[in-house]
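Work through the exercises below with the sequence and the structure side by side. Try each task before reading its solution.

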Amino acid sequence: MNRWQFFRKLAPLLALMVLVLSACGRSDLSTLRPQGPVAEEQFGLMKLAISIMLIVIVVVFAISFYVIIRFRRRPGDKTIPKQVEGNHKLEIIWTVIPIILLIILGVPTIQSVFNLSKDHTKDPEAVKVVVTAHQYWWEFEYPELGIKTAQELVIPKGKTISIEAKSADVVHSFWIPSLAGKVDANPGANENIMYFSAPKEGVYLGKCAELCGPSHGLMDFKVKSVDEASFDRWTAALQAPVALPSDPAIKEAFVSKCLTCHAVGDQGGPAFPNLTGIGSRETVGGILVNTDDPEYSNEGSTYDNLHRWIEDPQAVKPGTLMPQVELTPQELDGISKYLSELTLDYEQ
Amino acid sequence: MAHGHAVKRYSGLMDWLTTVDHKKIGILYLIAGGFFFLVGGLEALLIRIQLWKPLNDFVSADTYNELLTMHGTTMIFLAAMPVIFALMNAIVPLQIGARDVAYPFVNAIGFWTFFFGAVLLNVSWFTGSVPDGGWTAYAPFSGTTFNGDHGFDYYVLGLQIAGIGTLVGGINFLVTIINMRAPGMTFMRMPMFTWSVFITSALILFAFPALTVGLAALMFDRVFDANFFDPSGGGNAVLWEHIFWIFGHPEVYILILPAFGVISEVVSTFSRKRLFGYSSMVFATILIGFLGFMVWAHHMFTTGLGPVANGLFSIATMLIAVPTGIKIFNWLFTLWGGSITFTAANLFAVGFIPTFVMGGVTGVMLAAAPADFQYHDSYFVVAHFHYVIVGGLVLGLFAGLHYWWPKMFGRMLNEGLAKLTFWTFFIGFHLTFFVQHFLGLMGMPRRIWTYLDGLGFNEMNLISTIGALLMGLGTIFFLLNVVITAFKPKNAANDPWEDGRTLEWTIPSPAPEYNFKQTPLVRGYDAYWKEKMDGHTEMTPAEPIGSIHMPSPSILPLFMAIGLFITGLGLMYSHGEWGKIAGIEAGFVVGGIGLIITFACMIIRSLIDDHGFHIEPEELQDKGVKA
Amino acid sequence: MSAHSHTEGQLPHEPEKATLEGRNKILGFWLFLGAETVLFGTLFSAFLALRDQVLDGPKSQELFELPLVALATGLLLTSSLTSVFATQALHMHKVKAMIWWLVVTVILGLGFLGLEIYEFSNYVHEGHGFTTSAFSSSFYTLVGFHGAHVAFGIVWISLLIGQLAKKGLTVTTAPKAYVAGIYWHFIDVVWVFIFTVVYLMGKVG
């Protein structure tokens, strides 16, 4: 097989590869299926880099295969081949061409570096969110709207979201692969900023991307992009007063055993996930998916998930700071039911 | 001139415990490094078994984090580097026509400190306090606030002790190569492996002190309540990242450059052609080493350094592709026009070339900071570094081991079994890590104990686990080969591949204790090949036959390392675990005793003059040539 | 070629470089100092990054006792000069002069260390302890590592003085003394940087 035929056979393989790449993964999770302008810009850079690198791979592989086939020693051959010291022209070619390829990659890279570092923290059009990462949950505060929630970042579609990221304990990393690249959440003074937007409505999966302890792999969050009216309703609903459980025994248990750490409405402690509207969230604990049609072992109804979580948090998320709270079975059932009904009515 | 003192010679175990001979030290490094490669490999298999299906609970989350930490730390520090040092020790003095390294005694210290540091780190498994924050040990997770058990104490102290060995090894090889080359061997006539060891040693010299400071600072935070990395005390978590990666990036070039050297030797020998573009290769290696110090923050693109820093480090990182590419093409054009035979050693070397290029191009992809915001801390990075470390370094080490096995042990490894090793390991490797690129791009972060079902990760994780099992099988084939070869007679020829080009192939296999009966005269690059082409079968000697001065064996290096080991243990358990002695923490007393042992050995070494011994001409194995 | 501890006749002109072992020791030691430069460089970087994190402790402007430090600096710089004299004596093959200058070097070094220990104990009394803040931890680590190097050098040179007194100046003892001299100069240079970056810049703020 000569060199031309070799390349002809390789071309469809390359085309297939690019096709495969672009269809890979879930649209709410994959970097290869960007759903927002930031992820799109990053994907564009990725495609450019892969294309350039494919050229390099093809050239190196072609020469490699040619060489190992063509110059294989025939049995019994004792000849000494010509000893070649080098070739100046070749050296220059394979120095200059890579430099050119790097320039082709480098210029858009620098453009993107500056474009994606834009500071939207003072942008009046942007929705500001302060992200505080904890072991093993995500706190979202909207300072200009006066609201605080956890695990689910609800945003208005199409608007720029300006993120300030930090950590309350160890280094975490805030990553929504289908919407934008990640930014580290550092403790202390090293706070970081980034921005993104989600033009399409939907729920996008978020992941922690810096080893932070046993439940690092379970520290999921969601970004929920809704139309602007729904977002406004959500904001208002979060600020509405929240009724405590109607049953006095359950209410007593809830206030004394839960509200020391958690908050609903304007009651309770600020240090742990805010429970207002928890019944409307996609998950419990970031990882137990709320669905009436559970398929996998981490899925269940909202009530079942809450029950499971409260009963033994360590079994769901090893290393979590939430202890196994002492509750009677009735209290556990009652609180789980109460929380599952703590919904926010904001979607159309 | 006769000497009054008796010649100290040991045999059996004492010979190995007291040796200062670079060839034996090389074998010790190989055995220890090989052992820890198996430990690290077992840790990898356990990781892959945990990940073969979603929401698996084969190991607990805590154990998983311990496994991934120990896998990385063991493979880099206790397996890869020692096997590199094994080849450096076994081969470099032979390649330059020297009789040993510049500091044989310190060479032994280097091995024993590595060994006891490695043991200290692995003692953690037996105490249940295993480090669990990744080999990168990011603060403040690695501090006592979030990691109260002793895991990271073992990490900090074990690596600190092992690192001493590496640093002195680097100095040793720099001085050896600068001062002890045979007559006629100018720098530009040195074999490429020796050049790569030279540059690697310079990298070790300047990179390891940064690690020393980082580990010391973390140790002070943990043991003495300092505030380097603890934000509540004003410390800075990102400072740890800087210090670690200023060491960590050159470290990966320390890992790969010796492999580059091996490939140059193997590819050249088995195509019967001199290395294409030797001076470009030397220049490219130096440039890679230099640039390696300029790019550390590409591990920190998401830390918030700002666009200027991110931009600069992106460009600097991309630039390293240029000298690396020069090397790849020079190897390909060494093969071009040659007469290539595919011994197992050459299979590994030729397999290296396209595999390493795949790892290298993902490296260039990672260099683009905005794209890295997506790749960072995902399985894409895991795929990249395994491609360059396993597909690069480990294949290179396998090539070097198969190539130089006869010179080290006097026996050739079985070629059939070796080829089986290659194919199993090579195919297993690609199966394990190629799919991981896609896993990362599809949104799978790294260092996660488990993953949810339905995300699209299941099939590729299963494939990856199967590949890992194949790699394990390949390793078993290699071990089988080592064992059956050990029972063969020691009858390898001086030049068993018959196409040897460099000085190590001019002496018997295995090399005699004194290496060269007469120091050779070097008349050109590929010194032996040059003589062969001029019709000679041996090197021209540069000196008459005479008595050969040898350094004395010593038990002191072993005790120095044991002293440091005791100090490490003592420092760790100095917070009440062992009670008090005369009002002082018992741990500090024990630590003090360890330091006294080490310093006492140093003082003994300095005060007692030991001028070595001589091997007389009558004792030399072969007749030699009249100078 | 072997190095004998007893040579008949004259010592060579530069006895420390007369043997391969000697040349190896000197080259290796210069390389080691290269590594030490990176080590202290990293300690300096950590100090510079953390110098403003004083927490509740005293700030450097109020804390540092410059007259004391200046005196200690004077002692250390002088000791570097006396170690130069010792090396000159080595090249003139004058063992007794060499030992005398090394003894003075050690005494000056001990003086430096004594002053530094006194200085540190004062700071601790004023609320600037090792665990007080990131600034204090990095201060004591940087300056303390330097002090540890001085202490090591003192012990080393003292042992060398003993060896020179017993065995005299030979092609074996000469490289040891030469290398100890280079080491002493190095820690002196590091001190100049500490004095400038830590104390002078700390006083100015």
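**Chains and helices in contact**

No contact (two residues whose C-beta atoms, placed from the backbone, lie within 7 Å) joins chain A and chain C, and the closest C-alpha atoms of these two chains lie 11 Å apart. This is a predicted model, in which local features need pLDDT of at least 70, side-chain atom pairs count only at pLDDT 80 or more, and totals for chains, interfaces and linings use all residues. Residues are numbered from 1 along each chain as its sequence is written, while chains are lettered from A and ligands numbered from 1 in the order in which they are written.

**Exercise 1.** Find which chains share the most contacts, and describe the side of chain B that takes part.

Step 1. There are 2 pairs of chains in contact, and chains A and B share the most contacts.

Step 2. On this interface, 81 residues of chain A are in contact with 78 residues of chain B.

Step 3. Several helices (DSSP runs of H or I, at least four residues, numbered from the N terminus) of chain B each supply at least two residues to the side that touches chain A, among them H3 (61–95), H7 (237–269) and H14 (415–441). H10(B) gives the most, with 9 residues.

Step 4. Sort the residues of this side of chain B: 45 are nonpolar, 26 polar and 7 charged. Here Ala, Val, Leu, Ile, Met, Phe, Trp, Tyr, Cys and Pro count as nonpolar, Asp, Glu, Lys and Arg as charged, and the others, Gly among them, as polar.

**Exercise 2.** Describe how H8(B) and H10(B) pack.

Step 1. Two packed helices are described by the angle between their axes and the distance between the axes. Axes are lines fitted to C-alpha atoms, for helices over the stretch in contact, and angles run from 0 to 180 degrees between N-to-C directions.

Step 2. For H8 (residues 278–291) of chain B and H10(B), the angle is about 150 degrees and the axes are 8 Å apart. H8(B) is therefore roughly antiparallel to H10(B) (an angle over 145 degrees).

Step 3. Residues of H8(B) including Met281(B) and Leu287(B) meet residues of H10(B) including Ile326(B) and Lys327(B). The contact divides into 6 nonpolar, 3 polar and 1 charged.

**Exercise 3.** Do the same for H3(C) and H6(C).

Step 1. H3 (residues 66–91) and H6 (residues 173–204) of chain C pack at about 160 degrees, with their axes 10 Å apart. These two helices, H3(C) and H6(C), are therefore roughly antiparallel.

Step 2. Among the residues that meet are Leu76(C) and Ser80(C) in H3(C), and Trp184(C) and Asp188(C) in H6(C). The contact holds 13 nonpolar, 6 polar and 2 charged residues.

Terms used: Parallel < 35°, antiparallel > 145°, perpendicular 65-115°, else oblique.
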